[in-house]
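Q: Please take a close look at a single helix in this structure. I should like a connected account of its geometry, its surroundings and the partner it packs against.

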Amino acid sequence: PVDIWIAKGDMILEQYAEQIMPKIKNVLGSQLKASIKNEMGEEIYGYADMVVEWEDGRTILFDNKTSSKLWTDEKLEEELPKNVIYEVGLEDKFNIDANGFIVQLKNIRKTTRNGPRVQIQEIITKVNDELIDKTLDEYEKVLQNIRMGKFESKAPDCHRFYGPCLCSIGAHEGGGYAKSGG
């Protein structure tokens, strides 16, 4: 069974090298810490997978993902705010023209009859000021709730493959908020 996973991973990497790498003219940075501080000095940070010069000359911030299915517009909308933080956090280092995701499908096709055995979806989009403002406002609300020791619950929707996440557990303990520190 382990050999199957290794072979599958090798196939995904080979197709990434064939389908994506030729489109990258230059890697400007990888695993880049992107950080934003608010007026109170509180910091939100994460690590952007890569900033590249794309085949058309644009500077694009990419996040690599794996998925069992092609992304929908809804999935993009769900994932994009994290990349917004990366883009804003890196704006003093790079002049980013676009933001994107390289989604590698984990379901390997049995034949190459309908294309490569590994599908790779490229999603490139421009982040507008409205989305940046909305995302930063949402993060500020989260930071405010953390300062107050409250966390919004998304229950009953918030579940992972291993069961309910902490916010859904907190919903059962008092009005949709979980208290931090016991």
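A: The helix chosen here is H2, in a predicted model. With 17 residues at 1.5 Å each, H2 should span 24 Å, and the 24 Å between its end C-alpha atoms agrees with that. H2 nevertheless bends by about 35 degrees at Leu80, with a proline, Pro81, following within four residues.

As to its setting, the chain contains 4 helices and 7 strands, in the order α-β-β-β-α-β-β-α-β-β-α from the N terminus. H2 covers residues 73–89.

Many positions of the helix can be listed as buried: Leu76, Glu79, Leu80, Asn83 and the run Val84, Ile85, Tyr86, Glu87, Val88 and Gly89. The cover over these buried residues includes H3 together with strands S1 (24–37), S2 (43–54), S3 (59–67), S4 (98–105) and S5 (120–125). For the chain as a whole, 36% of the 182 residues count as buried.

The packing against H3 merits separate attention. Two packed helices are described by the angle between their axes and the distance between the axes. For H2 and H3 (residues 129–148), the angle is about 95 degrees and the axes lie 10 Å apart. Angles of 65 to 115 degrees count as roughly perpendicular, and H2 and H3 therefore stand roughly perpendicular to each other.

On the H2 side, the contact involves Leu80, Pro81, Lys82, Val84, Ile85 and Val88, which meet Leu131, Ile132, Thr135, Leu136 and Tyr139 of H3. By class, this contact comprises 9 nonpolar residues, 1 polar and 1 charged. Leu80, the site of the bend, is thus also one of the residues that meet H3.

How values were computed. Residues are numbered from 1 along each chain as its sequence is written. This is a predicted model: local features need pLDDT of at least 70, side-chain atom pairs count only at pLDDT 80 or more; totals for chains, interfaces and linings use all residues. Side-chain values use heavy atoms; hydrogens and water are left out. Axes are lines fitted to C-alpha atoms, for helices over the stretch in contact, and angles run from 0 to 180 degrees between N-to-C directions. Helices (H or I, at least four residues) and strands (E, at least two) are DSSP runs, numbered from the N terminus. Angles under 35 degrees count as roughly parallel, over 145 as roughly antiparallel, 65 to 115 as roughly perpendicular and the rest as oblique. Contact means heavy atoms within 4.5 Å. Ala, Val, Leu, Ile, Met, Phe, Trp, Tyr, Cys and Pro count as nonpolar, Asp, Glu, Lys and Arg as charged, and the others, Gly among them, as polar. The expected span of a helix is 1.5 Å times one less than its number of residues. The bend at a residue is the angle between axes fitted to the seven residues ending there and the seven starting there. Buried means under 20% relative accessible area, exposed over 50%, partly exposed in between (1.4 Å probe, protein chains only).
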